[in-house]
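Visitor: Please take me through one part of this model at close range. I would like a strand with its partners, and then some helix packing for comparison.

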Amino acid sequence: MKFTIEIDDNNIKQFITFSGLAIVAYAFKNYNKEELNEKLNNAKTSFYKIAKRYFPSKFKSIEKEINDEVTAIIAENFPPMEGVDNQYEIPKIGKDTQTILNHLQKIHDKDINPDDGKLFAYCYPTNKEHEDVVLKSYKMFVHLNALNPLAFQSLRRMEVEVVQMAIKMLNGRDEARGTMTTGGTESILMAMKAYRDRGYEVDGIREPEVVLPISAHPAFEKAAKYFGIKTKYVQSVDPVTDLVDLKEYESKINRNTILLVASAPQYPHGLMDPIESIGKLAEKYRKPFHVDACIGGFFLPWLEKLGYPIPCKFDFRVPSVTSISADIHKYGYATKGSSVLLFSSNEYRKYQFIAYTQWPGGLFVSPSMLGTRSGGNIAAAWSSLVSMGENGFMEYVDKIMKTSIAIQKGIVSLPLGNVEIIGSNPVMSIISLRSKVVNIHAVADSMEKHFGWKLERQHRPNSIHMTLTPSHIGIEKVFLENLKFSIQEVMADPNLSKKGSAAMYNGINNIPLTAIADDFLIEFLSKTYST
């Protein structure tokens, strides 16, 4: 994927050249190196969008290449399902139960089974007994609606109890408050909305900014684009530990800052941000501080209780932490669609809510992005926490960590391809691998082709990611043997680096403008959900 821009019109060239020189001259005079790079990247993106709008014929080759590449990827990843008819219209006569279930079983049979332990993201399977009680609880309340807490007392009671259990687990004080959401993204969206509104009302901030490491979850970027907030990313990391650079972090804080962010841990590499140190910055500059513990919130407390080393405090024991997000549908082992957003006090939580009294349909107040919320997820979350208990959580954490440590030790002793673990100390169940010698994405392709391991591909730096769950307990021996085979295969055949996901990520990384890469991904998503 080259995506080269061919511009023949001299007027366009002169416009871009002179405008670019003017910005460069201004930038050198007014910005430091990092700010200069940001301004230049923004300028290139703006030029691309303006030129694309006013001179569309000049970009036909880019659009065609994007379309061709995406079409090929779609064809490779979504082949036709043999023996399964498409259902693009509501049938004239409804189908019987068995026909429907047979159809669903056929398409479900094409899915990977999370219980097989070959999938390293998205699903957190446990055991039949636990999942039975969770699903029965879900079914009991699935048709109830948490839109109005006065309508169904059971849902309000369970939600309050789930939130209180999470607050106690994360060492919140008596004044701590929270709500349930449908997942980590919504928890982060609501936190960002709350701090934007608070910044406006309390501090008069009209151009809100958030400071966060580049490894923070992209839900923060989504929230920023939804709510008109500027993200100030800290790009630098320590060359040994791969932890965020605190000096750069502090340099991003200014009077428009509405929030500081850290992760416990960050998802890409499983590294804990220096939460206590960032907390001191929050105290120094009197800024709110959010800890994204969406993946670690229901794992780290038990890890600490078991005596495993934790690099720093990560919850409300850090005095300056004003909110925490934690997903129950990850290591809380509930059904998909349940998370909590916790605040140190109602002084912060109240900015999450929306009230509207002018609607003829009645008085309206809402705690989250969604209006209608299924009671099923609330009941499943409550049942999962109560069914698992501290003993169940700790048992799974201990077994998962034994597997994680065994895999890490095996990788360190692997004398092939200079494959290494990112970071000197992944804190829990996440392991990410990179290499300066072998194409790590080609290794992941080989692992999937030959053995069915579905490792997650990452970049900046190129790496492969694995989140370990109960389904992975005891995989270390087979996994390491398969990994050794795949590394050897890629080292023996350089052409494997020009195929599959290795080729796609290489192409994306070589695209000269972020805006073109964005166009590629949007076209991919558009075609993914097309017939």
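Guide: Here is a walk along one strand, followed by a look at helix contacts.

This is a predicted model, where local features need pLDDT of at least 70 and side-chain atom pairs count only at pLDDT 80 or more, while totals for chains, interfaces and linings use all residues. Residues are numbered from 1 along each chain as its sequence is written, and side-chain values use heavy atoms, with hydrogens and water left out.

Start with strand β11, residues 430-435. Helices (H or I, at least four residues) and strands (E, at least two) are DSSP runs, numbered from the N terminus. β11 is mostly covered, with six of its six residues buried. Buried means under 20% relative accessible area, exposed over 50%, and partly exposed in between (1.4 Å probe, protein chains only).

Which way do the side chains of β11 point? Ile430, Ser432 and Arg434 point one way. Ile431, Leu433 and Ser435 point the other way. In a regular strand the side chains alternate between the two faces of the sheet.

Now the partners. Two strands pair if DSSP finds at least two bridges between them. Strand β10 (residues 419-421) is joined to β11 by three bridges, and the two run antiparallel. Ile421 has Leu433 of β11 as its bridge partner. Strand β13 (residues 463-467) is joined to β11 by four bridges, again antiparallel. Here Ser432 is partnered by His465 of β13.

Next, the helices. Helix α7 (residues 184-203) packs on helix α8 (residues 219-227) at about 45°, with axes 9 Å apart. Axes are lines fitted to C-alpha atoms, for helices over the stretch in contact, and angles run from 0 to 180 degrees between N-to-C directions. α7 and α8 are therefore oblique to each other. Angles under 35 degrees count as roughly parallel, over 145 as roughly antiparallel, 65 to 115 as roughly perpendicular, and the rest as oblique.

The residues making this contact include Ile188 and Met192 of α7, and Phe220 and Phe227 of α8. Contact means heavy atoms within 4.5 Å.

Helix α6 (residues 153-169) and helix α13 (residues 375-412) cross at roughly 45°, and their axes come within 9 Å. That makes α6 oblique to α13. Among the contact residues are Met158 and Val162 of α6, with Trp382 and Leu385 of α13.
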